[in-house]
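Here are my notes on the model you sent over. Keep the viewer open while you read, and look up each residue as it comes up.

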Amino acid sequence: MSLTGSPRPADSNRAFGPRGADDIASATSTAPDGKPHHDEVDVIVDAWASVRPGLDTTPLEVLSRISRIARRLDQARNAVFTEHELDGWEFDVMSALRRAGEPFELSPGALVQQTLVTSGTMTNRVDGLERRGFVSRQPSPSDRRGVLVRLTPAGLRAVDAAFDALLHHERRLLAGMDDDARTHLAASLRTLLTAVES
């Protein structure tokens with residue numbers, strides 16, 4: 001992992017530990033001379049350049065930063081879910097149902113497609129959410145043997161509260177970028193994601 005700039009386990013807290021919004025904003029700001037602050041990826045890229053000057057390490061400048069941001073984001077999201085007494089997978093399933101609109105229900109097959117897990121895993125997840133009172137199984141009106149998974153009022157309250165908190169936290173993470181910068185970054189990432197997934 002250290003080849004691409006991802007930290008070893010020994011320094012994972014330093015590199016990926018929780019940081020406040022002010023810390024993240026300062027990392028994306030500029031120095032007094034108007035030049036961008038250097039981050040840990042710059043240090044790694046410069047080190048490679050010094051020992052292997054003929055090597056093209058430009059992919060690290062993009063992809064290592066994406067990797068580090070993704071890890072920080074995972075930590076931030078897990079912290080929000082923990083505050084709301086949810087696991088990430090619980091939020092994934094309930095948010096898929098929430099996005100479906102009233103009556104907030106989907107077939108197990110549709111949930112599998114949206115959350116990218118196996119049908120057996122989804123059955124276990126629905127079982128767990130049902131035990132917590134967050135979802136219920138309803139007979140499918142179009143398939144006598146089929147069922148639909150529906151958010152309960154308790155599930156609706158839980159997923160909405162967690163999502164509101166998540167958006168609030170993630171806005172803080174992006175506070176160091178203005179609207180134009182965020183728009184351009186989203187467009188660039190969309191282009192990269194489309195190319196990678198194709």
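The points below go from the whole chain down to single residues.

1. **How far to trust it.** Remember that this is a predicted model. The mean pLDDT of the protein is 84, and 81% of the residues get to 70 or more. Confidence varies along the chain, though: among the elements, helix H1 (residues 12–16) has the lowest mean pLDDT, 34, while helix H5 (residues 88–99) has the highest, 97. Over residues 1–29 the pLDDT stays under 50, and the model has 41 contacts beyond four places in sequence for that stretch. Where pLDDT is low, the predicted coordinates should not be read in detail.

2. **The overall layout.** You should find 9 helices and 3 strands. Starting at the N terminus, the order of elements is α-α-α-α-α-β-α-α-β-β-α-α. Of the contacts with a separation of 6 or more, 54% are between residues 24 or more positions apart.

3. **Inside and outside.** The protein has 198 residues, and 28% of them count as buried. About 13,000 Å² is exposed, with carbon and sulfur atoms supplying 55% of that area.

4. **The main core.** The largest nonpolar core has 24 residues, and the ones touching the most other members are Met-94, Leu-97, Leu-111, Val-135 and Leu-151. At least two core residues come from each of helix H4 (58–83), H5, helix H6 (108–115), helix H7 (119–131), strand E3 (147–151) and helix H8 (153–173). H5 gives the most, with 5 residues. As background, nonpolar side chains tend to be buried together in soluble globular proteins.

5. **Met-94 up close.** Pick Met-94 and show what surrounds it. Apart from its neighbours within four places in sequence, Met-94 contacts Leu-86, Leu-129, Phe-134, Leu-151, Gly-155, Ala-158 and Val-159.

6. **Aromatic rings.** There are 2 aromatic pairs in the structure. Ring pairs join Phe-81, Phe-91 and Phe-163 into a cluster.

7. **One face of H6.** Which residues of H6 are buried? They include Ala-110, Leu-111 and Thr-115. Looking down the axis of H6, you'll see the buried residues fall within an arc of 120°, so they line one face of the helix. Those buried residues pack against H5, strand E1 (105–106), H7 and E3.

8. **Just after H6.** Leu-116 follows H6 and sits in the loop between H6 and H7. Its phi is near 60°, which is a positive value in a residue other than glycine. Is Leu-116 buried or exposed? It counts as exposed, because its relative accessibility is 73% and the cut-off is over 50%.

9. **Two glutamates to compare.** Glu-90 belongs to helix H5, and it is buried, with a relative accessible area of 4%. Leaving out neighbours within four places in sequence, Glu-90 is in contact with Glu-85, Leu-129 and Arg-132. Glu-85 lies in the loop between H4 and H5 and counts as exposed, at 60% relative accessibility. The phi of Glu-85 is positive, near 55°, in a residue other than glycine.

10. **A cis bond to check.** Don't miss the peptide bond between Glu-102 and Pro-103: it is cis, with omega at about 5°. Pro-103 is in the loop between H5 and E1.

Methods:
Residues are numbered from 1 along each chain as its sequence is written. This is a predicted model: local features need pLDDT of at least 70, side-chain atom pairs count only at pLDDT 80 or more; totals for chains, interfaces and linings use all residues. Side-chain values use heavy atoms; hydrogens and water are left out. Rings of Phe, Tyr and Trp (its six-membered ring) pair if their centres lie within 6.5 Å; planes under 30 degrees apart count as stacked, over 60 as edge-to-face and the rest as tilted. pLDDT is the predictor's confidence in each residue, from 0 to 100. Helices (H or I, at least four residues) and strands (E, at least two) are DSSP runs, numbered from the N terminus. Contact means heavy atoms within 4.5 Å. A nonpolar core is a set of buried Ala, Val, Leu, Ile, Met, Phe, Trp, Tyr and Cys residues joined through side-chain atoms within 4.5 Å. Buried means under 20% relative accessible area, exposed over 50%, partly exposed in between (1.4 Å probe, protein chains only). The arc is that of the directions from the helix axis to the C-beta atoms. Accessible areas come from the Shrake-Rupley method with a 1.4 Å probe; for residues, only the protein chains shown count as cover.
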